[in-house]
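This briefing goes through one protein model, moving from a single helix to the aromatic side chains and then to a few individual residues. Please keep the sequence and the structure open while reading.

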Amino acid sequence: MSRDIYEEHFIDRLDRIYPGAHERLPDIESLPEAAAEAVLREVLETGCLSQNCGNITAARRAALRLPPDWMAAHLPRVVPACLFRESKWREWEFRRAAELLEGVFPEAYEWLLEYAAGLGDPEILEAAEDLRK
């Protein structure tokens, strides 16, 4: 499989966090917890903070390889450290995170909707309402 430059750089970042992390995404539970959560943070930041489609797509492909139960358990610990920190980008980040989770990670997706609603941002609330329809 041929990878584009964005995916190559993304994989390099994951593997710098923990050697072989990209290949071990389906078995991320076997990594040390701090490393596994750092990998998730990189996936979220690349997939939700980026504006480049190549980065967003690379992160989404990686996220698809993560175990749903693990994602649901660790998302609440990682999201507050990396997403929704700047008010002007909250709606963008929310929409990207929802797209990353929707349909694949139902438990994590529901958690995201509840967490985002608790931020009290009118634009996020409107976006969440759009998604629920």
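The notes below are grouped by topic, and the model they describe is a predicted one.

**Helix α1 and its buried side**

- Helix α1 covers residues 5–17, and because a rise of 1.5 Å a residue gives an expected span of 18 Å for its 13 residues, the 19 Å between its end C-alpha atoms agrees with that expectation.
- Within α1, the residues that count as buried are E7, F10, I11 and L14, and since they cover an arc of only 100° around the axis, they are placed on the same side of the helix.
- In general terms, an α-helix has 3.6 residues a turn, so residues three or four places apart point the same way.
- The cover over the buried residues of α1 includes two other helices, α2 (33–48) and α3 (53–63).
- On the face of α1 that is turned away from the buried side, the exposed residues are I5 and R16.
- The N-terminal end of α1 is capped by D4, which has a side-chain oxygen 3.1 Å from the backbone nitrogen of Y6.
- E7, which lies in helix α1, has a relative accessibility of 6% and therefore counts as buried, the cut-off being under 20%.
- Once residues up to four places away in sequence are set aside, E7 touches A58 and R61.

**Aromatic pairs and a charge over a ring**

- The count of aromatic pairs in the model comes to two.
- One of them joins F84 and Y115 in a tilted arrangement, with 6.0 Å from centre to centre and 40° between the planes.
- This pair links distant parts of the chain, for F84 sits in the loop between α4 (68–82) and α5 (90–101) while Y115 belongs to helix α6 (residues 106–117), and the two are 31 residues apart.
- The pair formed by W111 and Y115 has ring centres 4.8 Å apart and planes at 20°, so it is classed as stacked.
- Both W111 and Y115 lie in helix α6, where a separation of four residues amounts to about one turn of the helix.
- Taken together, the ring pairs link F84, W111 and Y115 into a cluster.
- The members of this cluster can also be described by accessibility: F84 counts as buried because its relative accessibility is 4%, whereas Y115, at 25%, counts as partly exposed, and W111, at 21%, counts as partly exposed.
- The backbone of F84 is notable for its phi, which is near 65°, a positive value in a residue other than glycine, and this residue is in the loop between α4 and α5.
- Elsewhere, R96 lies over the face of W92, at 4.2 Å from the ring centre.

**Buried residues of helix α2**

- A36 is found in helix α2, and because its relative accessibility is 2%, A36 counts as buried.
- With neighbours within four places in sequence left aside, the contacts of A36 are I28, L31 and W70.
- The C-alpha atom of A36 is separated by 11 Å from that of H22, a residue 14 residues apart from A36 along the chain.
- E37 also has its place in helix α2, and at a relative accessibility of 16%, which is under the 20% cut-off, E37 counts as buried.
- Leaving aside the neighbours of E37 within four places in sequence, this glutamate is in contact with W70, H74, R77 and V78.
- W70 therefore appears in both lists, being in contact with A36 as well as with E37.

**An exposed residue of helix α6**

- E107 is found in helix α6, and with a relative accessibility of 57%, which is over the 50% cut-off, E107 counts as exposed.
- Although E107 and D69 are 38 residues apart along the chain, their C-alpha atoms are separated by 8.1 Å.

Definitions and conventions:
Residues are numbered from 1 along each chain as its sequence is written. This is a predicted model: local features need pLDDT of at least 70, side-chain atom pairs count only at pLDDT 80 or more; totals for chains, interfaces and linings use all residues. Side-chain values use heavy atoms; hydrogens and water are left out. The expected span of a helix is 1.5 Å times one less than its number of residues. Buried means under 20% relative accessible area, exposed over 50%, partly exposed in between (1.4 Å probe, protein chains only). The arc is that of the directions from the helix axis to the C-beta atoms. Contact means heavy atoms within 4.5 Å. A polar contact is a pair of N or O atoms within 3.5 Å; within protein, one must be able to donate a hydrogen and the other to accept it, and residues adjacent in sequence count only if both atoms are side-chain atoms. Rings of Phe, Tyr and Trp (its six-membered ring) pair if their centres lie within 6.5 Å; planes under 30 degrees apart count as stacked, over 60 as edge-to-face and the rest as tilted. A charge sits over a ring if NZ of Lys or CZ of Arg is within 6 Å of the ring centre and within 35 degrees of the ring normal.
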